[in-house]
Amino acid sequence: MRRNTNYKVLMVSITLSLLFIIVGANVFIVSIFGYHVNSKTSLKEKINGIHQVENELLAKRGTITDRNGTVLAQDVPSFTLYASLDTSRLNPDKSPAHVFDKETTATQISSIINLSYEKTLAILNSDAKQVEFGNAGKYLSLDQKNKLVEMEIPGLGFYEIISRNYPLAPFAPNILGFSRFDEAGNIQKGQLGVELLYNDELTGVNGYESYQKDGDGYILKQIESHIDEPEDGSNIKLTLDRGIQETLENAMEGMSDDEKVKAKEVWGAVVEIKTGRILGWGEYPAFDPNDPNTNWNSRGVQYSFEPGSTMKTFTIASAIDQGVYDGLSTFDSGPFHVGLKDGKVVRLSSSQNAVHTITNANNTNYGQMTYDYGYAMSSNVMIAEMMSGPLDIEKFHENLLQLGFFKPVNMDRIVDVSGVDLWDHPLDKLTNGFGQGSTVTMLQMIQAYSAIFGNGTTVKPYIIDEILNPNTNEVIHKGQTIYGNKVYKETTAKQVQTNMREVVSLGSGMRFDIDEVTMIGKTGTAQYVAPGVAGYSDTEYIFSSILAFPYDDPEVMVYTAYRANLGHSINAQANYVKDVLRKVISTYDFQEDNPGYIEQATLNTVNNFVNIGIDEAYESLRGKGYQPVVIGDGARVISQYPLGGSKLLSNEFVLLYTGDNGIIMPDMNGWSLKQV
């Protein structure tokens with residue numbers, strides 16, 4: 001019995017020893033070689049498959065909208081396609097997690113992305129373990145990704161990135177600019193326009209997450225993860241109005257495509273006069289980042305040009321402000337032969353000894369004409385008479401500088417050029433009066449005309465309306481109206497507006513007159529200097545117009561300029577501008593059901609103006625709502641009708657007789673039979 005017991009103990013001991021040896025050996029093999037003998041599993045591979053994952057969480061770049069909240073630029077998720085070619089890569093069920101049927105895969109991929117079957121197959125035949133598909137495989141939309149996922153192609157995967165989307169493109173591309181995804185920095189970076197200038201505000205701060213994942217891609221939930229949420233960039237609201245902007249751009253494209261116009265390039269803007277808000281900013285051909293020949297410089301701020309006759313407005317404004325403008329006096333509109341005497345320009349009776357001869361457009365000689373009509377018809381000779389006569393031209397030049405010409409406007413971080421101030425030679429000074437010689441930018445013209453259409457004070461244009469916190473919608477920055485120099489008296493601005501009404505009603509701007517609202521404006525034509533070419537072009541000119549409305553209290557201005565051959569149809573071009581005018585009128589509800597409609601009249605006593613200066617009498621009557629009509633070109637009132645002391649309804653005519661010289665029949669269009 002005892003022997004049996006000893007035998008059993010021996011057998012148990014041997015068994016335990018064997019088990020200990022087997023277990024110990026297995027542990028030794030696992031610990032040293034990472035191989036589990038019993039299950040024939042490489043634990044080393046399993047252990048190495050558990051790894052720490054650190055991901056950057058992409059911040060959202062700020063959205064850009066128009067003034068009404070229409071999205072102009074936004075982030076959208078996009079994807080980069082990759083394919084695994086590693087034949088050892090398997091799914092948990094041992095099915096291939098790599099591309100194994102390359103021909104079929106190439107056919108499927110090439111049907112979704114913009115890459116040929118041949119090029120796709122060549123990439124899949126690479127010796128690499130993982131491949132991407134170049135630019136064609138980047139920035140795939142969610143729709144493209146989903147179509148590929150639905151095909152259940154083994155071995156395909158996607159990296160999520162952020163791309164910038166411009167839903168209305170092309171829409172104000174020179175203003176909006178564009179951004180590109182910087183793969184090294186894992187963030188969008190602005191490249192041009194607002195996207196570049198306000199990159200710091202638009203750019204958010206990427207977040208961060210870390211966790212552990214096993215070799216099969218499962219996140220180990222029991223291991224604590226860490227997340228730093230991303231901070232999105234600020235949103236920007238522009239002053240642009242989608243409807244006005246699109247109409248402006250369509251008009252510019254029309255000017256270019258129309259066989260009657262064939263404009264080679266067009267630029268323009270729509271601006272609120274009293275605030276400086278830019279409602280539309282167009283340039284055509286538009287900037288295209290995908291076109292190597294695109295114009296990277298904005299025509300509105302980085303291109304300076306001779307403005308032509310639109311500059312005449314500031315010449316007569318200076319004369320009115322200096323008290324030396326008599327719109328009803330006359331001058332000889334024939335050729336102005338320029339002579340020099342004591343360093344100043346004088347008019348010679350003939351071309352003999354003349355250093356230059358100035359004529360009106362098309363060499364037209366109107367004979368004797370008034371200064372008011374000379375401005376309405378855009379007479380160069382009229383300006384030459386003023387510049388060589390009573391006008392203090394140095395004061396005029398000072399006014400140009402006060403208006404902001406020949407220096408950057410510095411609107412909302414936009415880098416703009418200064419233009420050229422040509423003011424050395426007497427002849428240069430003279431030609432500045434009608435917009436030849438010196439160069440300006442569109443932005444400078446907009447700022448300068450704000451003084452004319454307002455109360456004599458410049459208003460700085462701006463295009464950034466608000467910068468907003470993306471989470472709270474709190475306004476971080478608010479665009480503001482910035483007033484500049486007080487250049488002219490308010491009465492001067494009002495008088496110039498009256499002159500500009502005549503430009504549209506009976507002068508060079510009649511083609512822009514419309515029924516919906518009473519328009520004021522000025523036109524311009526300037527010789528074109530091609531870049532890198534000496535002298536003026538024989539065939540190409542820059543044509544421009546500046547229009548504002550309503551006449552009695554201007555609210556909006558529309559500026560357009562374009563380069564085209566001389567002799568094109570200016571009426572056809574004007575039709576496209578009218579489309580813009582009508583869009584603005586409908587947007588702002590500037591409706592005049594009956595242009596010329598007179599508000600309720602009041603009965604007043606007319607003062608006696610006999611022996612009073614004509615300017616004082618004129619302004620006094622206008623201030624009380626009367627419509628003075630000056631007869632003759634004298635400096636003082638000789639008699640009047642109705643007589644002083646008479647009772648007269650406001651808005652009626654008062655005739656002021658100043659002498660027999662220079663009597664011109666007034667324009668009676670719109671007068672009632674009683675008034676005539």
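**Exercise 1. How do the residues of the lining of the second largest cavity divide into nonpolar, polar and charged?**

Solution. The model is a predicted one, and the place to begin is the count of its enclosed spaces: the structure holds 2 cavities of 30 Å³ or more. The second largest cavity has a volume of about 30 Å³, and the residues that line it are Pro307, Met311, Phe406, Asn432, Gly435, Gln436, Ser438 and Val440. Sorting this lining by class gives 4 nonpolar residues, 4 polar residues and no charged ones.

**Exercise 2. Find the volume of the largest cavity, and describe the residues that line it.**

Solution. The volume of the largest cavity comes to about 70 Å³. Its lining is made of 13 residues, and those closest to the centre are Ala59, Arg61, Asp75, Ile187 and Gln188. Taken by class, the lining of the largest cavity has 5 nonpolar, 5 polar and 3 charged residues.

**Exercise 3. Describe the second largest pocket by its volume, by its lining and by the elements that supply the lining.**

Solution. The first step is the volume, since the second largest pocket holds about 1200 Å³ of space. The second step is the lining, which counts 45 residues, with Asn360, Ala361, Asn362, Asn380 and Thr525 lying nearest the centre of the pocket. The third step is to ask where these residues come from: β18 (356-358), α14 (426-432), β24 (520-527), β25 (540-549), β26 (556-565) and α17 (570-588) each supply at least two residues of the lining, and the largest share, 5 residues, comes from β24. By class, the lining of this pocket divides into 16 nonpolar, 26 polar and 3 charged residues.

**Exercise 4. Why can helix α10 be called largely enclosed, and what do its buried residues pack against?**

Solution. Helix α10 covers residues 312-322, and because 10 of its 11 residues are buried, the helix is largely enclosed by the rest of the structure. A residue counts as buried when its relative accessible area is under 20%, and in α10 the residues that meet this condition are Lys312, Thr313, Phe314, Thr315, Ile316, Ala317, Ser318, Ala319, Ile320 and Asp321. These buried residues pack against the helices α11 (371-376), α12 (380-387), α13 (393-403), α15 (442-453) and α16 (490-506), and also against the strand β24. Following α10 comes Gly323, whose phi is positive, near 80°.

**Exercise 5. Work out how strand β21 is placed, and which strands pair with it.**

Solution. Strand β21 runs over residues 464-468, and since 5 of its 5 residues are buried, the strand is largely enclosed by the rest of the structure. One of its pairings is with strand β12 (residues 235-238), which runs antiparallel to β21 and is joined to it by 4 bridges; here Asn235 stands opposite Leu468 of β21. Strand β22 (residues 475-478) also pairs with β21 in the antiparallel sense, over 3 bridges, and in this pairing Leu468 stands opposite Val475 of β22. Leu468 of β21 therefore has a residue opposite it in each of two strands, namely Asn235 and Val475. The strands β21 and β22 form a hairpin with 6 residues between them, where Asn473 takes a positive phi near 65°.

**Exercise 6. Is Gln640 buried or exposed, and which residues does Gln640 touch?**

Solution. Gln640 is found in strand β29, which covers residues 639-641. Its relative accessible area is 6%, and so Gln640 is buried. Leaving aside residues up to four places away in sequence, Gln640 touches Val606, Asn607, Asn608, Phe609, Val610, Leu655 and Leu656. For Leu656, the separation of 16 residues in sequence from Gln640 goes with a distance of 4.7 Å in space, taken from C-alpha to C-alpha.

**Exercise 7. Set these local pictures within the whole chain: how many helices and strands are there, and what percentage of the residues count as buried?**

Solution. The secondary structure of the chain comes to 18 helices and 31 strands. Of its 676 residues, 46% count as buried. Among the contacts between residues at least 6 apart in sequence, 68% join residues at least 24 apart. The accessible surface of the chain comes to about 33800 Å², and 50% of this surface belongs to carbon and sulfur atoms.

Key: Residues numbered from 1 in each chain as written. Predicted model: local features only at pLDDT ≥ 70, side-chain atom pairs only at ≥ 80, totals over all residues. Heavy atoms only, no water. Buried < 20%, exposed > 50% of the residue type's maximum accessible area, 1.4 Å probe, protein only. Contact = heavy atoms within 4.5 Å. Areas by Shrake-Rupley, 256 points an atom, 1.4 Å probe, with all protein chains shown as cover. Pairing = 2+ DSSP bridges. 1 Å grid on protein atoms, 1.4 Å probe; cavity = no way out; pocket = protein on both sides within 12 Å on 5 of 7 lines; lining within 4 Å. Points joined across faces, edges and corners; volume = space filled by probe spheres on them. Nonpolar A, V, L, I, M, F, W, Y, C, P; charged D, E, K, R; others polar.
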